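Welcome to this short tour. Open your viewer, and let us walk from the whole chain down to single side chains.

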Amino acid sequence: MIQGFKEFITRGNVVDLAVAVVIGGAFAAVISAVVEGFINPLIALIFGQPSLVEMGNFSINDTLFPMGLILDALFKFITVAAAIYFFVVVPLNKLAERRKKDEPAVDEPASPTEIELLTEIRDALKARDAQ
């Protein structure tokens, strides 16, 4: 059982997933820093609110609806998704295309024609009858 666990852990896709989770966490921290250090001051400059969290909030019967939290999370998600797409997915797709173009085309063996198949069947039947 321990050998099976060792094989599971050292399998390439598990290691890749672990690396992706760690990198994703670090990347989220970078995006949060950009939002806190650049976007929020920009919002304060333009809209007079200290951050996205403070924008769009309203209350009904003393119940606060913090819509700014949703705006902040949505902005961070879109920023992370766009960065991953433009800095990871697009370059990797272009690299895969380039590699595919550089690979020599593999000629698949031609399928036998009907006549060739019928000839093989005839020969096999003759050989069976001869025995």
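## The whole chain

Of the 131 residues in the protein chain, 8% are buried. Keep in mind as you look around that this is a predicted model.

Start with everything shown as a cartoon. You will find four helices and two strands in the protein chain. Followed from the N terminus on, the elements run α-α-β-β-α-α. The radius of gyration of the protein chain is 31 Å, well over the 14 Å that the globule rule gives for 131 residues, so the chain is more spread out than a compact globule. If you draw a box along the principal axes, the C-alpha atoms fill roughly 100 × 40 × 40 Å.

Now switch on the surface. The accessible surface of the protein chain is about 11,200 Å², and carbon and sulfur atoms account for 67% of it. As for contacts with a separation of 6 or more, 25% of them join residues 24 or more positions apart.

## Stop one: the largest nonpolar core

Which residues make up the largest nonpolar core? Select Ile31, Val35, Ile39, Ile43, Leu52 and Met55, and you have its six residues. Then pick isoleucine 31 alone: leaving aside neighbours within four places in sequence, isoleucine 31 is in contact with Lys76, Thr79 and Val80.

## Stop two: serine 51

Next, select serine 51, in the loop between helix 2 (12–47) and strand 1 (58–60). Is serine 51 buried or exposed? Its relative accessibility is 11%, under the 20% limit, so serine 51 counts as buried. Not counting residues up to four places away in sequence, serine 51 touches Asn40 and Ile43. Ile43 is also one of the residues of the largest nonpolar core.

For a sense of distance, add isoleucine 2 to your selection. Serine 51 and isoleucine 2 are 49 residues apart along the chain, and their C-alpha atoms are separated by 51 Å.

## Stop three: aspartate 72 and its partner

Move on to helix 3 and select aspartate 72. With a relative accessible area of 10%, aspartate 72 falls under the 20% limit and is therefore buried. Show its surroundings: leaving aside neighbours within four places in sequence, aspartate 72 is in contact with Val35, Leu52 and Val53. Val35 and Leu52 belong to the largest nonpolar core.

Side chains of opposite charge can pair when their charged atoms come close. Which residue forms a salt bridge with aspartate 72? Add lysine 76 to see the pair, whose closest N and O atoms are 3.3 Å apart. Both residues lie in helix 3, four residues apart, about one turn of the helix. You may recall lysine 76 from stop one, where Lys76 was among the contacts of isoleucine 31.

## Stop four: another salt bridge

How many salt bridges are there? The count comes to two. Besides the pair you have just seen, select aspartate 123 and arginine 122, which form a salt bridge with their closest N and O atoms 3.2 Å apart. Aspartate 123 is partly exposed at 39% relative accessibility, and arginine 122 is partly exposed too, with a relative accessible area of 43%.

## Last stop: a nonpolar patch on the surface

Finish with the surface on again and select Ile84, Tyr85, Phe86, Phe87, Val88, Val89, Leu92 and Leu95. Together these residues make a nonpolar surface patch of about 770 Å². Zoom in on isoleucine 84, which lies in helix 3 (residues 67–102). Isoleucine 84 has a relative accessible area of 38% and is partly exposed.

How values were computed:
Residues numbered from 1 in each chain as written. Predicted model: local features only at pLDDT ≥ 70, side-chain atom pairs only at ≥ 80, totals over all residues. Heavy atoms only, no water. Patch = residues over 30% accessible without salt bridge, like charges linked within 9 Å, V, L, I, M, F, W, Y side chains within 5 Å. Areas by Shrake-Rupley, 256 points an atom, 1.4 Å probe, with all protein chains shown as cover. Salt bridge = Lys/Arg side-chain N within 4 Å of Asp/Glu carboxyl O. Buried < 20%, exposed > 50% of the residue type's maximum accessible area, 1.4 Å probe, protein only. Core = buried A, V, L, I, M, F, W, Y, C linked by side-chain atoms within 4.5 Å. Contact = heavy atoms within 4.5 Å. Rg over C-alpha atoms; globule rule 2.2 N^0.38 Å.
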